[in-house]
Amino acid sequence: QGSATLPLNAGYGVKEAFLEARLPLVQDKPFAKEISVDAGYRYSKYDVGYTTNTFKFGVDWSPDSDVKLRGSYNRAVRAPNVLELFAPQNVGLGSFEDPCAGPTPTASLAGCVASGLDPAKYGHLLQCPASQCDQQSGCNPNLSPEISDTKSFGVVFTPTFLDGFTATVDYFDIKVNQAIGTVSPTVSLGGCTSLANTALCPLVHRDAQGFLFTTTGGYVIATNVNTGFVQTKGIDLEANYNVDLGDWGMQDSGSLGINFVGTYTDKYTVEPYTGATATDLNGKVYTSYDCKGLYGQTCGTPTPEWRHKMRVTWSTPWDVSLSVAWRHIGETAFDGNSSNPFLLIGGYCAGNITCSPLTSGGKFKAYNYFDLSGSWDVSEGVSLRAGVNNLFDKNPPLLASGGRTAGPTGPLNGNTFPGVYDPLGRYMFVGGTVKF
């Protein structure tokens, strides 16, 4: 990684007390088949100097046997871990470039001077080798816990007139404040050199030659801090239907099961650091960015607006089950096409006319995968299974690593996003289980 991996010997302790309760308030009354309350509280004291209070409160109301309404509010925390608090600070390789380097820098002269560059070196500075400038990473013993607030409202359908069918629809709003992370060097350089936020300039340490890649003092600080917030909103859907095929006039044909799970993402908003601000080419001020429907240098892994999985299973009367699954991943676009300056190469281009948004390219179409699988209960305690994933051998979308129209070097692996798309193509498997 361009530097030593330093050892760590550290730890901390925590003492906690908690209480949980589920209280049935009303049962079997008109318009109140059941009303119940779910509540909890937890107090935590950490010996590194802080205490936390978390709680939850939820209400379930079933007016009848067909419908249940539910809502909840949860306060949660995540205390910084041992590495985040105590890992030694170290300078090593990062995956970013210097906007002040090269014969035609993307940043202005005034912006580069604000980042600590000698004006005489503007246009004469070497770029970091292999797009890897240096960054300082490591601990921050003054971190505070992350604080998360989750609001959820939903409805559960179990209609008595349609036996075997259930469905849930839930709206969620999750916001994490004081998120523990780092201010990306690209954001620090972008905010500083565009003069959109010169408070970030002290994070840029150039060496005597103005470089950000030598061992003589050139690097960008990216140690752990409490950044801004991360918030996502959307709707989760799930439906299940199980039916005996005899009910459809197909006697002795087994049963059919259908499962559908989908998520609509309405927002995925990030404030990269507390007090973030940047101005686009038209003078509009931004304080955050939304990664819904995007992927790229800033948003990372694709976040489609809609994705779902549907599985249909036929359980035959001959101890054999056959399933077909449909996986859908919605369309996503490269985040550099946005006018939001935080999304232009991770913030490099905020306010710079040479880094206006891209007007074409950088888009992943919607992807659909189909899988087949089956199982056979040969005898008591013996079963066989086999299947084919990605039945039609669909290739994943491919990107170069790094650069303006490419994917981020972290989530990008093998020139695609293996956590989202199938990188291996068609995949066949067989297996068995024997129980003694």
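1. The second largest pocket encloses about 480 Å³ of space, a pocket being an open set of points on a 1 Å grid over the protein atoms alone, where a 1.4 Å probe fits, with protein on both sides within 12 Å along at least five of seven lines, and its lining residues having an atom within 4 Å of a point. Of the 22 residues in this lining, Ser3, Ala4, Asn90, Ser137 and Gly138 are the closest to the centre.

2. This is a predicted model, in which local features need pLDDT of at least 70 and side-chain atom pairs count only at pLDDT 80 or more, whereas totals for chains, interfaces and linings use all residues. Residues are numbered from 1 along each chain as its sequence is written, and side-chain values use heavy atoms, with hydrogens and water left out.

3. The lining of the second largest pocket comprises nine nonpolar residues, 13 polar and no charged ones, with Gly counted as polar. Strand β5 contributes the most, four residues, and β5 and β6 (134–137) each supply at least two; strands here are DSSP runs of E with at least two residues.

4. β5 and β6 also belong to an open, mixed sheet of four strands in the order β5-β6-β11-β10, where pairing requires at least two DSSP bridges. Because β5 (90–93) and β10 (204–205) each have a single partner strand, one side of each is left without a neighbour in the sheet. β10 runs antiparallel to β11 (residues 219–221) over two bridges, and Val204 stands opposite Val220.

5. Elsewhere, β8 (residues 165–177) pairs in the antiparallel sense with β7 (residues 146–157) over 11 bridges and with β13 (residues 230–244) over 12. Val156 faces Thr168 in β8, while Asp173 stands opposite Lys233 in β13.

How values were computed. Grid points are joined across faces, edges and corners, and a volume is the space filled by probe spheres set on the points.
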